[in-house]
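Trainee: I'm new to this structure and would like to understand one part of it properly. Could you pick a single sheet, walk me through it, and then show me how it fits with the rest?

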Amino acid sequence: MRLVALRSGECPCFLLRFRKVNVLLDCGLDFQTVFESFDVSGRLEVDIPEPDFIDFATIDVILVSNYHNMLALPFITEYFGFKGKVYATEPTATTARQFMEELVKVNCTPTGGSRPDGVRLPSSDVAKSATCQRRRKLYTMNDVEACMQRVHPLSYSQRIPVLSAFDVTPVSSGFALGSANWVIQTPYEKLVYVAQSSAATARHPEPFNTQALRDASVLLFSGLCL
């Protein structure tokens, strides 16, 4: 097994090589830079997960934990030659689609070089920094539509095989409606990807499924709020 952290924190993205299968765990956008990266025409530019570091055409499957961590997906499916499958719960896919469509609408709204609240945008010097090297123009509505056609919605505890190498199962993370942690399992090994999760009660999401963590060979944590 080989694991590479392409991004961590609030917008995690991990590349997992497991039993000769390449798995991308989440693909979010870095929103700390989104509204600081308008170009001179007032259009959004976004920081996407390491496009020059990996060949997305070699990715076999993408597992998405929640709608926050799905917002870079149109770049991967429509621009970088991805040919594999994408799995997410249906609420996650629905909410992510709405969020992406709103981003596109905001991007298509003329701003006159300033933010909606009247604060002047950063100077063009921002675009010259090293952190801007991965930034790209935001995707289009057609990209969102084509991307969502690639998503296979799953239900909690629905176990499916991936290339006869292992099975994957989404289980509730308690973070948001439809948010999931992922169990990656063979008859002899069990890896659990714990994305943004919450053990808080009296909330709309289904409770955090802690039973799925039992007997795990490997626990990969990217976010947890107890």
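**A close look at one sheet**

Mentor: Let's take the open sheet that 5 strands form in the order S9-S10-S11-S12-S13, with mixed pairing. Here two strands pair if DSSP finds at least two bridges between them. Helices (H or I, at least four residues) and strands (E, at least two) are DSSP runs, numbered from the N terminus. At the edges of this sheet are strand S9 (160–162) and strand S13 (218–221), each of which pairs on one side only. On average, neighbouring strands of the sheet are turned by 25 degrees against each other, direction ignored. Such angles lie between N-to-C directions and run from 0 to 180 degrees; the axes are lines fitted to C-alpha atoms, for helices over the stretch in contact.

Two notes before we go on. You are looking at a predicted model, in which local features need pLDDT of at least 70 and side-chain atom pairs count only at pLDDT 80 or more, while totals for chains, interfaces and linings use all residues. Residues are numbered from 1 along each chain as its sequence is written, and side-chain values use heavy atoms, with hydrogens and water left out.

Now to the strands themselves. Strand S11 (residues 180–185) and strand S12 (residues 190–194) run antiparallel and are joined by 4 bridges. One residue to find there is Ile 184, whose bridge partner in S12 is Leu 191. In the loop between S11 and S12 you will meet Thr 186. Thr 186 counts as buried at 6% relative accessibility; buried means under 20% relative accessible area, exposed over 50%, and partly exposed in between (1.4 Å probe, protein chains only). Apart from neighbours within four places in sequence, Thr 186 is in contact (heavy atoms within 4.5 Å) with Phe 18, Arg 19, Ala 165 and Phe 166.

Two of those contacts bring us to the aromatic rings. Rings of Phe, Tyr and Trp (its six-membered ring) pair if their centres lie within 6.5 Å, and planes under 30 degrees apart count as stacked, over 60 as edge-to-face and the rest as tilted. The whole structure holds 6 aromatic pairs. In one of them, Phe 18 and Phe 166 are tilted, at 5.4 Å centre to centre and 40 degrees between the planes. This pair links distant parts of the chain, since Phe 18 is in strand S2 (residues 13–18) and Phe 166 in strand S10 (residues 166–172), 148 residues apart. Phe 18 counts as buried at 5% relative accessibility, and Phe 166 is buried too, with a relative accessible area of 3%.

Other loops around the sheet are worth a visit. Ser 157 sits in the loop between S8 and S9; its phi is near 70 degrees, a positive value in a residue other than glycine. Ser 157 counts as exposed, at 53% relative accessibility. In the loop between S9 and S10 is Ser 164, which is not a glycine but has a positive phi of about 60 degrees. Ser 164 is exposed, with a relative accessible area of 80%. Between S10 and S11, the loop holds Leu 177, which counts as exposed at 53% relative accessibility. Not counting residues up to four places away in sequence, Leu 177 touches Pro 91, Thr 92, His 204 and Pro 205. Leu 177 is also 8.3 Å from Asn 66, C-alpha to C-alpha, although the two are 111 residues apart in sequence.

Strand S2, the home of Phe 18, leads us to another sheet. There, 6 strands form an open sheet in the order S1-S2-S3-S5-S6-S8, again with mixed pairing. Strand S1 (2–7) and S8 stand at its edges with a single partner strand each, so one side of each has no neighbour in the sheet. Within this sheet, strand S5 (residues 61–63) and strand S6 (residues 85–89) run parallel, joined by 3 bridges. Val 61 stands opposite Lys 85 in S6. H3 packs on the sheet, touching S6 and S8, and its direction makes about 100 degrees with that of S6.

To place all this in the whole, the protein chain has 4 helices and 13 strands. Buried residues make up 50% of its 226 residues. Of the contacts in the chain with a separation of 6 or more, 65% are between residues 24 or more positions apart.
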